[in-house]
Amino acid sequence: MAHPLESLVIRHTHRLPLPSGPAGQGGAAARQFDAALLSVGFKLSGELLERLSGLSGEAVRDTASRTLDTVRAMVGDHVRHNAYFVDFPANVPDTLDFWVQCIREALADDASRAGTLDQLRFGIVDLLTLPTYGAYRHTYEEMLAAHDELIAAAGDRMTVLHAGSTPDDEVTALYLALAGSATPLGEDGLRDLAVLAGHCADGPQPEEIPVRENRAVINRARLDLGAGLLLDTVTDVLRLACALSDGDVTLAEPTRFRSLSRPVRRALLGGLDAVVAASPAKLADVAAHREAFKRLGERLHPHEHPRWPHAADVFAVARGEKEARTLDSRVEELLGAGDVPGAARLLAAAAPGRLLRSLDRLLRACPGQEERDAVTTAAEEAAPQASGRVLLSVREHFHNRTQESVQRRVFVNRGGRAWVAADTRPPVPEPDVKRLVAALDAETRRRLPEPGHLLVDPAVLDVALPLGGKATATGFGVLPRGSLSPVDGELLRFFVHWRQAQRSTDFDLSALMLDESYETVTWLSYTALQDLEGEHSGDITDAPAPDGASEFINLRLDAVRGDFIVPQVNIFSGEGFEEVAESFFGFMLRDAEQQGRPFEPRTVRMKSEMRGTGRVALPLVFLRGDDGRWYAKWLHLYLKGNPSANRVEENRVSVATLVRGIVERDQLTVRHLVGLMADRATTTTWWDGVQVPDGPVTYIGLERPEGLHPQSLVITPENLRALIPA
């Protein structure tokens with residue numbers, strides 16, 4: 001019988017937990033399983049194939065059925081991707097010719113003739129009123145029949161599934177990795193952690209849980225199990241209350257608190273009381289979330305529990321009945337008096353991470369070098385107490401402050417919403433920046449593990465470090481925001497799929513081409529179905545269950561004019577990215593002669609969930625490098641857009657500005673940490689894709705090679721957060 005979390009382990013680790021079942025002669029079934037996986041771009045490792053071959057054929061077939069369902073969903077092959085034009089990308093019509101054809105068909109239809117004639121008299125026709133516009137004209141099976149089989153090519157993607165340990169061990173290891181992550185998880189990661197915590201919260205725990213959002217979902221599971229809560233701030237209790245109401249544990253969005261049972265109310269009030277009793281100064285944290293605490297107090301009824309007076313103080317502060325001076329007010333008072341070094345020393349003692357994040361402002365506020373030296377000294381002393389994520393974020397910030405080419409500031413909120421502003425800040429003196437960077441690098445190097453024999457795949461060096469929860473979207477083959485990866489192939493094909501939940505929803509896939517000055521060259525969209533660069537599959541305006549809707553854009557890379565390709569998904573009408581039942585974007589690469597269906601799972605290089613708060617999604621940008629090759633730079637961004645009728649023509653200026661801000665900014669990448677680790681490695685070897693060392697290694701690469709020593713530490717994009725020091 002399969003473990004209920006087997007698919008979750010496969011998605012996160014690309015490892016198949018050791019299947020259970022009677023021993024037998026399962027070799028033939030295992031080879032059939034391997035062949036079926038090849039059709040979706042996966043294969044079994046040699047070790048996994050051998051393990052499966054020792055089970056009965058029935059056990060292997062059961063495992064194959066479950067695993068195939070999981071990997072198909074990983075690359076987006078769990079849905080039937082139809083295309084508006086049956087033989088896309090062949091025979092895509094000229095846009096105006098196609099619209100005229102739709103009008104002719106409307107005039108030939110008794111039901112729509114009169115309304116269409118009325119529109120023609122005024123000279124404007126609404127495409128959405130034409131009966132043959134926006135809906136599939138053929139079945140999925142008819143579309144399949146119109147396409148030849150995909151011809152296998154050496155460049156097709158091949159993702160290896162490796163042999164795991166027992167299901168319970170794999171689940172526990174994944175729980176410990178997510179729970180103990182040094183960087184925040186995304187929304188889907190938190191949801192997966194909550195599921196894992198339900199199974200593991202009363203078992204082995206990580207040495208520490210540094211991310212507060214992780215602690216909240218774990219505390220919810222511990223509360224359900226009757227285990228002790230992990231609380232050391234009043235905000236921990238607030239986050240737990242949000243989790244219990246299925247709200248936002250990041251506290252970015254307000255939560256509508258539910259009615260809570262008496263045992264739960266007692267647990268929360270007792271937790272608050274213990275935290276404040278141990279450290280009354282923590283009452284100052286209430287001010288940052290005053291309104292949320294007020295609403296929580298209405299649910300907890302602290303006045304009914306006089307035995308917890310410190311908990312009552314929390315809500316008295318929230319209501320303004322009790323004063324608790326905040327750290328920010330004390331800092332601002334010192335800055336107002338011109339005592340910048342004093343403000344730095346206060347932050348260093350009370351909040352080392354906040355000091356590091358405030359360094360740019362503090363250094364600019366210093367009247368002279370003596371004060372800047374004092375601030376820098378305070379930062380050097382605070383660095384050992386700050387988190388590794390803060391060290392690296394501040395390191396990245398100051399690197400870009402010294403780059404003359406970076407003249408724009410890019411802001412990204414927790415929901416992936418992005419905007420750009422000109423950087424009008426005065427510069428920070430270069431000697432101070434160099435001193436700070438040296439201190440940050442020294443502290444980071446001290447925390448990194450002893451790598452021993454370091455084995456590095458050069459392809460991973462330009463992958464950005466995942467320093468934020470929204471820096472990487474959930475999906476397959478997805479890299480953190482700012483990562484750079486080569487794109488090798490003749491045809492680049494984008495796809496978007498969505499399925500509405502309650503009301504008619506129209507997503508529009510577009511691709512904007514920009515020149516080296518970020519000026520528009522051309523675009524492909526439902527208003528421009530074809531150009532020299534490629535073809536659009538046609539506009540679908542409704543995506544009901546069960547099949548939803550898909551759109552594609554096919555590009556011939558050697559024909560692309562300009563230096564940037566910006567795919568985007570615009571919400572024309574209906575539900576948002578966070579409201580639809582399902583929505584994802586991805587891209588495929590294939591050779592020109594491969595043919596095949598519009599969607600071929602083994603050519604999928606990336607599939608990313610779209611769950612941002614804007615109305616225009618920008619998953620990534622493709623740029624032409626100095627060497628003439630194309631590269632993908634990952635964005636995971638959203639523009640606010642308009643409430644409806646978003647189109648590429650109308651947002652191309654804002655898109656170009658945002659893309660320029662991201663492209664010109666240097667992200668801190670794996671290359672930086674590899675450089676720090678190489679100083680301490682006994683040996684550093686560059687992975688050639690052929691031979692692995694005999695002994696244990698620290699391997700950092702895009703995919704785990706076969707044959708690594710079992711005691712090796714393996715870092716791939718699936719667990720890249722493990723590279724961030726605690």
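Biologist: Leaving aside its neighbours within four places in sequence, which residues is Asp-34 in contact with?

Modeller: Bear in mind that this is a predicted model. Asp-34, which lies in helix H2 (residues 27-38), is in contact with Phe-42, Lys-43 and Leu-44 once its neighbours within four places in sequence are set aside.

Biologist: Which side chain of opposite charge is nearest to Asp-34, and how far away is it?

Modeller: A salt bridge needs a side-chain nitrogen of Lys or Arg within 4 Å of a carboxyl oxygen of Asp or Glu. The nearest side chain of opposite charge, Lys-43, is 4.8 Å away, and Asp-34, although buried, has no salt bridge.

Biologist: Phe-42 was among those contacts; with which ring does Phe-42 form an aromatic pair, and how are the planes placed?

Modeller: The count for the model comes to 19 aromatic pairs. In one of them Phe-42 is paired with Phe-476 in a tilted arrangement, 5.7 Å centre to centre and with 50 degrees between the planes. This pair links distant parts of the chain, since Phe-42 belongs to strand E2 (residues 42-44) and Phe-476 to strand E7 (residues 475-476), 434 residues apart. Phe-42 and Phe-476 are both buried.

An edge-to-face case is formed by Phe-507 and Phe-577, at 5.1 Å centre to centre and 65 degrees between the planes. Here strand E10 (residues 506-514) supplies Phe-507, while Phe-577 sits in the loop between strand E14 (564-573) and strand E15 (582-590), 70 residues apart. Both of these residues are buried. Ring pairs also link Tyr-84, Phe-85, Phe-98 and Tyr-133 into a cluster.

Biologist: How should I read the nonpolar core, and which residues have the most contacts inside the largest one?

Modeller: In soluble globular proteins, nonpolar side chains tend to be buried together. The largest nonpolar core in this model has 102 residues, and Phe-494, Ile-565 and Phe-622 have the most contacts inside it. Its largest share, 7 residues, comes from H4. Beyond its neighbours within four places in sequence, Ile-565 is in contact with residues including Phe-494, Phe-622 and Trp-630.

Biologist: Which residues of helix H1 are buried, and what do they pack against?

Modeller: An α-helix has 3.6 residues a turn, so residues three or four places apart point the same way. In H1 (residues 6-13), the buried residues are Glu-6, Leu-8, Val-9, Ile-10 and His-12. They pack against strand E1 (15-16), helix H4 (57-75), strand E3 (159-163), helix H8 (167-179) and helix H9 (187-200). Just after H1, His-14 takes a positive phi of about 55 degrees.

Definitions and conventions
Residues numbered from 1 in each chain as written. Predicted model: local features only at pLDDT ≥ 70, side-chain atom pairs only at ≥ 80, totals over all residues. Heavy atoms only, no water. Buried < 20%, exposed > 50% of the residue type's maximum accessible area, 1.4 Å probe, protein only. Helix = DSSP H or I, 4+ residues; strand = E, 2+ residues; numbered from the N terminus. Contact = heavy atoms within 4.5 Å. Lys, Arg positive; Asp, Glu negative; His and termini not counted. Core = buried A, V, L, I, M, F, W, Y, C linked by side-chain atoms within 4.5 Å. Phe/Tyr/Trp six-rings, centres within 6.5 Å; stacked < 30°, edge-to-face > 60°.
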